[in-house]
Amino acid sequence: MIKYSIRIGLLLLFALCGEFATAQTRIGSVHQVEKGETLYSLSRRYGVTVEALLSVNPEISSQPNKKIKRGYLINIPEAVPVQVADTFKMAVVLPFSAEGKEGERSIEFYRGLLMAADAERENGRCVSIVAIDEPPVKDNLTDVVNALTQQKFDALVGPLYPTHFQAITNYANAYRVKNIIPFSSKVKQVETNRYVYLLNTPQEQFNKSSFELFESQFAGSRCVVVRTVDSSESALVNYWMDKMLTHQYELQSLSQTFTDEEMKQALVTGKKNVLIIDGSNKQAVLDILQRIQSFKTHHPGFQIAVIGHNAWQQFSMEYSELLGTLNTYLVAQDFYNAYSKSVIAFEEEYYNWFKTYPLLLHPRMGELGYDTGLYLFKSSDTNTLVDRQGKKIEYLQSNLKFQQLGNGGCVNSNLMFVRFTPAHKVELIEIKK
């Protein structure tokens, strides 16, 4: 495991490489495991690969998680150093030294990238990462671009600030480097620059794809839009309403202060009623959901489903029983499953590395960085869900699927319903193509 701390400056380089061959099987020594040691830390200490350690410790390689504990006796093979030729070099331009959430999120995303690079190193590949501290929003990027031009990169992640998009995307286009912009959907350069990739889908594409998803589940339903004071999701909901009118849906509207009688008048019996809420303010949403639940208790004859939004995942686990009772569907590009074995293992390893847990945000920045790394280091050119050997990539939070915009760049087209069912399970529903 690479111990990590971030240092403020222009350049910070990490190289994570599988530097030794695995053909050797002779045992050179025996090591007793101490607290905090891992197979990777032992591989670095003794100059062998993790695979070589496992080859002479079959009792560990047979375990599903391949974890070692304090007191274990580990056989150490003799090392035969061989330089690995397969390398991947990338640059990350984010405001690591910025105060507040901008710096915190950038650092956590970067940490996830480092952990993905470490996982790739265990497969015998060398990944080197040059981290560049993005200057404040009003500063130009002359020094940053000059630093980038001194080296050849396979990929570039960043920047954060919109005022820096033009300089970085110009560099990506000039040097034909894939440029992942992780935190913004409003990047006009994606329309004309084939090297720009957005993790967040622009609103126009998101609206169109999400309505196709809606129709795949709710065609012919009675639709009731519940208008909230914050109306933070109104751009999406208004688009849907226009489409519903065109497709001749039965459509009604209520305010967030609706009464039971108003709800009763808006719904119909004998078919599914879909309640679409146009906001994501936690207290407002919970108030609406609790009153819908009360209505259902007193009027059990109505078939009801609720549609919410990706931002609800910030409180969905806490209120999963309520969401399940109401048969709730969240329109989402990702899903953070706190009970997933892979997520739990990642967050435990994250703590081991950085002595802190990921920020309580949605999406989780560490997982997003890790998934971005998996995509860059592993995915095939034709299918981002499998690696170059055809094996499924186990993304933690975001199944990255990129769709090209005409002659421009690519946007993440992954979209799904996260459904909380009345049986209190979570289902992920995508359009079958």
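This passage describes a seven-strand sheet, a buried strand and a pocket in a predicted model. Residues are numbered from 1 along each chain as its sequence is written. Because the model is predicted, local features need pLDDT of at least 70 and side-chain atom pairs count only at pLDDT 80 or more, while totals for chains, interfaces and linings use all residues; side-chain values use heavy atoms, with hydrogens and water left out.

Helices (H or I, at least four residues) and strands (E, at least two) are DSSP runs numbered from the N terminus. Two strands pair if DSSP finds at least two bridges between them. An open sheet of 7 strands follows the order E10-E9-E11-E12-E13-E16-E17, with mixed pairing. Strands E10 (250-255) and E17 (426-429) stand at the edges with a single partner strand each, so one side of each is left without a neighbour in the sheet. From one strand to the next, the twist averages 25°, where axes are lines fitted to C-alpha atoms (for helices over the stretch in contact) and angles run from 0 to 180 degrees between N-to-C directions. Strand E16 (residues 416-420) pairs with E17 in the antiparallel sense over 4 bridges, and Arg-419 stands opposite Glu-427 in E17.

Two helices lie across strands of this sheet. Helix H8 (residues 234-246) lies across E9 (222-227), E10, E11 (272-277), E12 (303-309) and E13 (328-332), running at about 150° to E9. Helix H10 (residues 282-298) lies across E9, E11 and E12, at about 175° to E12. Contact means heavy atoms within 4.5 Å.

In strand E5 (residues 126-133), 8 of the 8 residues are buried (under 20% relative accessible area, 1.4 Å probe, protein chains only), so E5 is largely enclosed by the rest of the structure. Cys-126, Ser-128, Val-130 and Ile-132 are buried on one side, and Val-127, Ile-129, Ala-131 and Asp-133 on the other. Strand E4 (residues 87-94) pairs with E5 in the parallel sense over 8 bridges, with Ala-91 opposite Val-130. Together with helix H4 (residues 101-121), E4 and E5 make a right-handed β-α-β unit (clockwise from the first strand over the helix to the second, with the strands pointing away from the viewer).

The second largest pocket holds about 1,200 Å³ of space. A pocket is an open set of points on a 1 Å grid over the protein atoms alone, where a 1.4 Å probe fits, with protein on both sides within 12 Å along at least five of seven lines; lining residues have an atom within 4 Å of a point. Its lining comprises 33 residues, of which Phe-183, Asn-200, Asn-310, His-362 and Pro-363 lie nearest the centre. H4 gives the most to this lining, with 4 residues.

Definitions and conventions
Buried < 20%, exposed > 50% of the residue type's maximum accessible area, 1.4 Å probe, protein only. Points joined across faces, edges and corners; volume = space filled by probe spheres on them.
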